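Student: Please take a close look at one part of this model, the surface near the DNA. Then continue into the protein parts that adjoin the discussion, in one connected account.

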2 protein chains.
Amino acid sequence: MLKVPGFPDSAPMPPSPSAQALHSAGKRTGRADTDTARCLMCKVREYNLCSSIEDQDVAVLAHATRQVSLPPGTAVIEEGTPASAFFNVINGTVKLFESLPDGRRQITGFADAGQFVGLSNSRTYSFGAETVSTVLLCRCTHTQIENLLGEYPRFAHHLLSAVTHELADAQEQMLLLGRKTAKEKVASFLLDRIKQYQRTHPHDPDAQTTASVPMTRVDIADYLGLTIETVSRTISALRRDKVISGTENHCIRILSLPNLQDIAYGLKSI
Amino acid sequence: MLKVPGFPDSAPMPPSPSAQALHSAGKRTGRADTDTARCLMCKVREYNLCSSIEDQDVAVLAHATRQVSLPPGTAVIEEGTPASAFFNVINGTVKLFESLPDGRRQITGFADAGQFVGLSNSRTYSFGAETVSTVLLCRCTHTQIENLLGEYPRFAHHLLSAVTHELADAQEQMLLLGRKTAKEKVASFLLDRIKQYQRTHPHDPDAQTTASVPMTRVDIADYLGLTIETVSRTISALRRDKVISGTENHCIRILSLPNLQDIAYGLKSI
DNA sequence: CGTAGGGTTGACGACGTTCAACACAAGTGG
DNA sequence: CCACTTGTGTTGAACGTCGTCAACCCTACG
């Protein structure tokens, strides 16, 4: 990929946008003048694409966007529907996926706070997106995004950098899906979740040993190209081997990060 | 992903760049004034990123690039080396891959004529690239690409569109790797090769029934997350079932495109 | 109290891998 | 010119990882 300097590796993840659902469902917050304040005080302003719009121009951004709050399990984007909107995730986690006609599904990524979803090159979305937890989204039409791209070269640059980053993530995930064993897949996934936790909880002293796993076993399985039974068995095995602990399903403690890393990259023969 | 209008779906594929090898190996062609003509007459000019630079400005492009010809099996980019260059593929096919420490390898994509390789967001390349056939590349440093991005908004727009397109391809490949059977994987791969043949041979009357497969079974296996034996067996089975024919390994004739499509998307129970 | 959703565990089997032998073509050197 | 090697591909047999099917536990909820 192309190196896009000035915007190092703090960028978003996989793409995925919203549909009609977001017009009817979801409560909008903010309005008119107060919108500018909403953007300036946004929890993820400094971490996401919006940081490339200066404070003095933030009114433009505020005018172009609307916030929506969605409960867990809500469709944000339906596969194959017309592509019209773009979303920044302010809070919570969104899953992106592609499906086969018979219902088999592959989750291509999770977008956490600070990341975006909804880029599309074609008339329709080639993927679906659904909330994993309660999610706060910032919605923007593609038309508005295009205006921003034209007006603010830094914004275009930042977006290119972010998409390039996502592509690199996708390539690493292909390595996982095509060449890793079930144990290596689960270990890699937990490492990703630790990194994610560190990003969103930079001051938590336990960040080195905590993985936040808000998604269900079904989602993990669809993300790793496994079945729920294999995911469950593998996590149990990691617990038995004292690599991880924690009785709670959605918050896992890491007992040995080095071991987990060795497993993830196939260096552990066991 | 974001829709980037004005640059529909004619864009490149996966990324992958060049390294020091390209300075020592490979013969440069063109020089000084004649470079402009080289760019204007370039076989892929209208299909790739360069089309976003107007003819009148093509001297800039010519000045920024150098052509290199490489024999099959040459490393273009070594995983983990400093990311400094970007390549347009003018002729031939380049494979992009990621590896595990023990040598397991996943090919993340093939870049054919008109596509590019070498985008990177970080200091080093996270992937490797190697020629499949004899390849003619157009090399450009990242610094020069950045200059073009700054000078020509259309170029930036086009690149964003291309990377977005690659991301969509990557997501579809994740579905293949995580959820398809061996037979579905091979059928999907052949469909991609047919599309690729149609793109590069738009006037060939046999384009509906021809798949060009320049890569070896090893490469196909590493692309589909299978072993060479399984690839070989599956292709033999497709031949037995009269879905494809052809005794030659690198040029496959399609006997029934509908059947092949049904298999690729899991609609064929057989 | 009954039901539904999420998760765990066991028994069994299939799909794809591993191991191995073989075929064929191209290149190399005696 | 022919033996030998090397790279690529095919095919068979045995094995093993992971998927399938099923039973069960637990919590939440009406």
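Tutor: In this predicted model, a polar side-chain atom of B:Arg233 lies 2.8 Å from a base nitrogen of DNA strand D. Two elements give two or more residues to the surface near DNA strand D: helix H8 (228–240) of chain A and helix H8 (228–240) of chain B. Of the elements at this surface, H8(B) gives the most, with five residues. B:Arg233 is also listed among the closest residues to DNA strand D, together with A:Thr230, B:Arg217, B:Ser232 and B:Ser236; 17 residues surround the strand. Of the atoms of DNA strand D that come within 4 Å of the protein, sugar and phosphate account for 63%.

Backbone atoms of the protein also approach the phosphates of this strand. A polar backbone atom of B:Arg217 is 2.7 Å from a phosphate oxygen of DNA strand D. From chain A, a backbone N or O atom of A:Ala182 lies 2.9 Å from a phosphate oxygen of DNA strand D. By residue class, the surface near DNA strand D consists of two nonpolar, nine polar and six charged residues.

DNA strand C can be described in the same order. It has 17 residues around it, and those that come nearest are A:Ser232, A:Arg233, A:Ser236, B:Ala182 and B:Thr230. Sugar or phosphate contributes 62% of the atoms of DNA strand C within 4 Å of the protein, and bases contribute the rest. One of the nearest residues, A:Ser236, places a polar side-chain atom 2.4 Å from a phosphate oxygen of DNA strand C. Another side chain of chain A, that of A:His250, has a polar atom 3.5 Å from a phosphate oxygen of DNA strand C. Chain B takes part through its backbone: a polar backbone atom of B:Ala182 is 2.8 Å from a phosphate oxygen of DNA strand C. The elements that give two or more residues to this surface are H8 of chain A and H8 of chain B. Here H8(A) gives the most, with five residues. The residue classes at the surface near DNA strand C are two nonpolar, nine polar and six charged.

Next come the loops that follow H8. In chain A, A:Lys242 lies in the loop between H8 and strand E11 (244–245). The phi angle of A:Lys242 is near 60°, a positive value in a residue other than glycine. A:Lys242 is exposed, with a relative accessible area of 59%. In chain B, B:Lys242 lies in the loop between H8 and strand E11 (244–245). Phi of B:Lys242 is near 60°, again a positive value in a residue other than glycine. B:Lys242 counts as exposed, at 59% relative accessibility.

The loop between H8 and E11 of chain B also holds B:Val243. B:Val243 is buried, because its relative accessible area is 3% and the buried class covers values under 20%. Leaving out residues up to four places away in sequence, B:Val243 touches B:Leu238, B:Ile254, B:Leu255, B:Ser256, B:Asn259, B:Leu260 and B:Ile263. One of these, B:Ile254, is 11 residues from B:Val243 along the chain, and the two C-alpha atoms are separated by 6.4 Å.

B:Arg217 leads to another part of chain B. Helix H7 (residues 217–224) of chain B lies across E5 and E6 of chain B and runs at about 105° to E6(B). A helix of the other chain, H5 (residues 153–179) of chain A, lies across E5 and E6 of chain B as well, running at about 130° to E6(B).

E5 and E6 belong to an open sheet of four strands in chain B, with the order E3-E8-E5-E6 and antiparallel pairing. Strand E3 (75–77) and strand E6 (105–111) of chain B each have a single partner strand and stand at the edges, so one side of each has no neighbour in the sheet. From one strand to the next, the twist averages 30°. Strand E5 (residues 94–99) of chain B is joined to E6(B) by six bridges, and the two run antiparallel. Within this pair, B:Val94 stands opposite B:Ala111 in E6(B).

Definitions and conventions. Residues numbered from 1 in each chain as written. Chains lettered and ligands numbered in written order. Predicted model: local features only at pLDDT ≥ 70, side-chain atom pairs only at ≥ 80, totals over all residues. Heavy atoms only, no water. Near = heavy atom within 4 Å. Polar contact = N/O pair within 3.5 Å; in protein donor to acceptor, adjacent residues only side chain to side chain. Nonpolar A, V, L, I, M, F, W, Y, C, P; charged D, E, K, R; others polar. Buried < 20%, exposed > 50% of the residue type's maximum accessible area, 1.4 Å probe, protein only. Contact = heavy atoms within 4.5 Å. Pairing = 2+ DSSP bridges. Axes fitted to C-alpha atoms, helices over the stretch in contact; angles between N-to-C directions.
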